[in-house]
Amino acid sequence: MIHHSSESVGIIVPPSNPTLEIEIKSLLGDSPYLYTSRLPVFPNSDLSQRNTGYLANYLDTARRFGSLPLSAMIVGLTGSNYADGPDADRARCDAIAEELNAPFTTCSLAILDLLKSFGFSRLHLELPYPDWLIREAKKYWQRAGIEVVAANSILDALGASDAYTIDSHQLDQYLSSLTLHAGAPILLSGTGMRTTGALEDLVDRLQTPLLSSNLAAAHWLLKHCDSDQCNGSVLFKKLIEKLKKFSTSSDWSQVDAFFNPY
């Protein structure tokens, strides 16, 4: 077994996702160490078929971490988990965690846990998905007891082919043009979409909470680390503190647009 002076965490990544490790590391900071295991490739399959195939490979992909002493593992996926709903998602993760004897979850559950920890009960979805998957996402959050006030396709809005082709500048401009809904954070869900740049730019000037799949994943991983060195990067702290500020304010228009304790 390999021993490190700092804790280590694992993230399971779709095979062609170019974004997830980079963004998670930028949010975790120097600690913990981050290790990756990639899901298998399914040639000649469409998105629906890949999502189903990924579900069946969560455990085998996690086992490829071998004897690495990981404090927690997370699947960097949301879309695969939507059709089954949050209860089945959690039951699957609990079974895998028991098999591995380590905390294990998905990004969809990490988002749900983050929403509940801050007391948010409404959600504005902005997703880089086709319409059928957006409908599944909306049902997932509704089944979790979250009111969905909007569910939009970023692909349609930007004329993009997939999440990987959307850059931070495009996302920044798009988010700045949205109609905001009272009490509803904006969720950028899709781990392959580059979100940290837009979040960093907009956190001080958009009067609504902003969160992403990758922010929720980093939050969950850090929560399962015991070391006091594992408290996130400066950007992570800023984004989480802003979420806390919104969650404790009854009037979001009064939240300081330039709140920045760092």
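This report covers salt bridges and the surroundings of one strand in a predicted model.

## Salt bridges within helices

The structure holds eight salt bridges. Side chains of opposite charge can pair when their charged atoms come close.

One of the salt bridges joins Arg 63 to Asp 60, with 3.4 Å from N to O. Both residues lie in helix α3 (residues 58–63), and because they are three residues apart there, about one helical turn separates them. Arg 63 is partly exposed, with a relative accessible area of 41%. Asp 60 is also partly exposed, at 38%. These two residues do not stand alone: Asp 60, Arg 63 and Glu 99 are linked in a network of salt bridges.

Another salt bridge is formed by the side chains of Lys 244 and Glu 241, at 3.7 Å from N to O. This pair sits in helix α12 (residues 234–247), where a spacing of three residues puts about one helical turn between Lys 244 and Glu 241. Lys 244 has a relative accessibility of 38% and so counts as partly exposed. For Glu 241 the value is 25%, which again means partly exposed.

## A salt bridge between two helices

Asp 113 and Arg 90 form a salt bridge in which the closest N and O atoms are 3.1 Å apart. This pair links distant parts of the chain, with the two positions 23 residues apart in numbering: Asp 113 belongs to helix α6 (residues 107–118) and Arg 90 to helix α5 (residues 86–100). Arg 90 is partly exposed, its relative accessibility being 31%.

## Strand β3 and its partners

Strand β3 spans residues 70–75. Six of its six residues are buried, so the strand is largely enclosed by the rest of the structure. The cut-off behind this statement is a relative accessible area under 20%.

Strand β3 pairs with strand β1 (residues 8–13) in the parallel sense, over four bridges. Within this pairing, Ile 11 stands opposite Ile 74 of β3. Strand β3 is also joined to strand β4 (residues 104–106), by three bridges, and these two strands run parallel. Here Val 75 has Thr 106 in β4 as its bridge partner. In a regular strand the side chains alternate between the two faces of the sheet.

## Summary

Arg 63 and Asp 60 are paired within helix α3, as are Lys 244 and Glu 241 within helix α12, whereas Asp 113 and Arg 90 connect helices α6 and α5. Strand β3 is parallel to β1 and to β4, and its residues are buried.

Technical notes: Residues numbered from 1 in each chain as written. Predicted model: local features only at pLDDT ≥ 70, side-chain atom pairs only at ≥ 80, totals over all residues. Heavy atoms only, no water. Salt bridge = Lys/Arg side-chain N within 4 Å of Asp/Glu carboxyl O. Buried < 20%, exposed > 50% of the residue type's maximum accessible area, 1.4 Å probe, protein only. Pairing = 2+ DSSP bridges.
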